[in-house]
Amino acid sequence: RHGDHPFCDALDLPSYSTAKSIVGAVGLMRLEALVPGAANQLIAQHVPACAVGEAWKGVTLGQSLDMATGVYGSSAFEADENAPSISAFFDAEDHAPKVAYACGQYRRRAMPGQTFVYHTADTYLLGAALADIQRERGDGDFYDALIAPLWRSLRLSPTILTTRRTADAARQPFTGWGLTYHADDIVRIGGWLSDGARIEGRPVLDSGLLSAALQRDPARPGLRAGGQDYRYKAGFWARDLGTTLGCAAPLWAPFMSGYGGISVVLLPGGLTYYYFGDSGVFDWAPAAVEAAKIIRRSAEHLTNLVEGLLDISQVESGVLRISSETVRLAPFVDQIANMFRPQAQSKGIDFLFERPEKLPDFVRTDQKRLRQILINLLTNAVRFTDSGTVTLHVDARREVLRFDVIDTGIGVAPQDHQRI
């Protein structure tokens, strides 16, 4: 946490354009699962204002979600979104003027599905079409009936169960913005999407659209969006991390983005990175590099666990060998702390890492054994702590290192102390 905002256990976070993914994309994916072919229905069939003239002829709901309608003023990145005329759309409080702008502001300049142009108004039209389909189905409001039940099943915060809407009788959800999150909502939604969007073991979103959005379908990669290393597909951005991470081939990571400096990244390995700020920082590549290091170290730890099983037989035979090698101390303990910080945060507990500013540059120890011990202690501390903190404390005095793992969990039963 940075800045002068007072600390709160639960801080309300604005969605801004991440709602294009959380409402627009999830809404269409949910409807497609219930009504196959919904993504291929036409915007003009469900939004009468778009049926006037030829501009919106042949544009589908899926292409509106992709912001590839072919209806725009300029294809330069965000030129239309930053044009002075956009205030007529964002400032309008009622549905009619919003949809009038979205349908009538620009003419057809390209075939649908060929050119990405960032238009929040396109996502608004998607929401209007979803609402009309829901009315035809007689199944209630599209946000309340299609999307909010998913968040209840995931036990998300009450703030995300409502959305901003127009002020008139239409009560049209904004779709492309207007949600309020808590940080835990972001982590849960990210993990849920990465794991196939399942409720009680069953996928509840259309698997084809979800796979395309998460860059898991090579046949549907999306359109170039704002730069050579960026794509947009089914309401999600994607960035090529191949060069950044030193990969031989492209590695596309899906992410959501919002005004001011909001990034929610679904990284390989099931990790979700999120950053909410108002400083205009959108480059999350350094976080991806650190995440890759954590994933690599976790894989190395898994290998060490297997080796540890082999060590048990050596212990039982009395021939366990302890090695002595030179270890750079500060990077070693920092890596251990970085492995467990996200695990603690995912449980809603604090992870404190305390060490003096000056540690010995090098020590001689059995690096593998020391890592095994610390990981075992920290794993138990995180596992058995449901609230409060887990602390890793490192101290160096008189050529002796001391490691303390402290937690506010249930502790060890007194009768087990001697045995342990």
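## A tour from the T391–I406 bridge to strand β9

Begin by selecting T391, whose bridge partner in β17 is I406. Keep in mind throughout that the model is predicted. Now widen the selection to strand β16, residues 389-397, which pairs with β17 in the antiparallel sense over 8 bridges.

Add β14 next, and an open sheet of 3 strands is selected, with the order β14-β16-β17 and mixed pairing. Its edge strands are β14, residues 350-354, and β17, residues 400-407, each of which pairs on one side only. Viewed along the sheet, neighbouring strands are turned against each other by 10 degrees on average, with direction ignored.

With the sheet still displayed, select residues 329-346, which make up helix α11; this helix lies across β14, β16 and β17 and runs at about 170 degrees to β14. Then select residues 367-383, helix α12, which also lies across β14, β16 and β17, but for which the stated angle is about 20 degrees, taken to β17.

Move now to another part of the chain and select strand β8, residues 230-233, together with β9; 4 bridges join these strands, which run antiparallel. One residue to pick out is K233, whose bridge partner in β9 is F236. The two strands form a hairpin with 2 residues between them, and in the turn A234 has a positive phi of about 55 degrees.

Stay with β9, residues 236-240, and show its side chains: is this strand mostly covered or mostly open? It is mostly covered, since 5 of its 5 residues are buried. In a regular strand, side chains alternate between the two faces of the sheet. Colouring β9 by direction separates F236, A238 and D240, which point one way, from W237 and R239, which point the other way, and all of them are buried.

From β9, extend the selection to strand β10, residues 252-258, which runs antiparallel to β9 and is joined to it by 4 bridges. Here W237 can be centred in the view, with F255 in β10 standing opposite.

Finally, zoom out to the whole chain, which has 12 helices and 17 strands and whose C-alpha atoms fill a box of roughly 85 × 45 × 45 Å along the principal axes. Of its 420 residues, 44% count as buried, while the chain exposes about 21,700 Å², of which carbon and sulfur atoms supply 52%. If charged residues are coloured by sign, the mean positions of the 42 positive and 47 negative charges are 4 Å apart.

Note on methods:
Residues are numbered from 1 along each chain as its sequence is written. This is a predicted model: local features need pLDDT of at least 70, side-chain atom pairs count only at pLDDT 80 or more; totals for chains, interfaces and linings use all residues. Side-chain values use heavy atoms; hydrogens and water are left out. Buried means under 20% relative accessible area, exposed over 50%, partly exposed in between (1.4 Å probe, protein chains only). Accessible areas come from the Shrake-Rupley method with a 1.4 Å probe; for residues, only the protein chains shown count as cover. Lys and Arg count as positive and Asp and Glu as negative; His and the chain ends are not counted. The place of a charge is taken as NZ of Lys, CZ of Arg, CG of Asp or CD of Glu. Two strands pair if DSSP finds at least two bridges between them. Axes are lines fitted to C-alpha atoms, for helices over the stretch in contact, and angles run from 0 to 180 degrees between N-to-C directions. Contact means heavy atoms within 4.5 Å.
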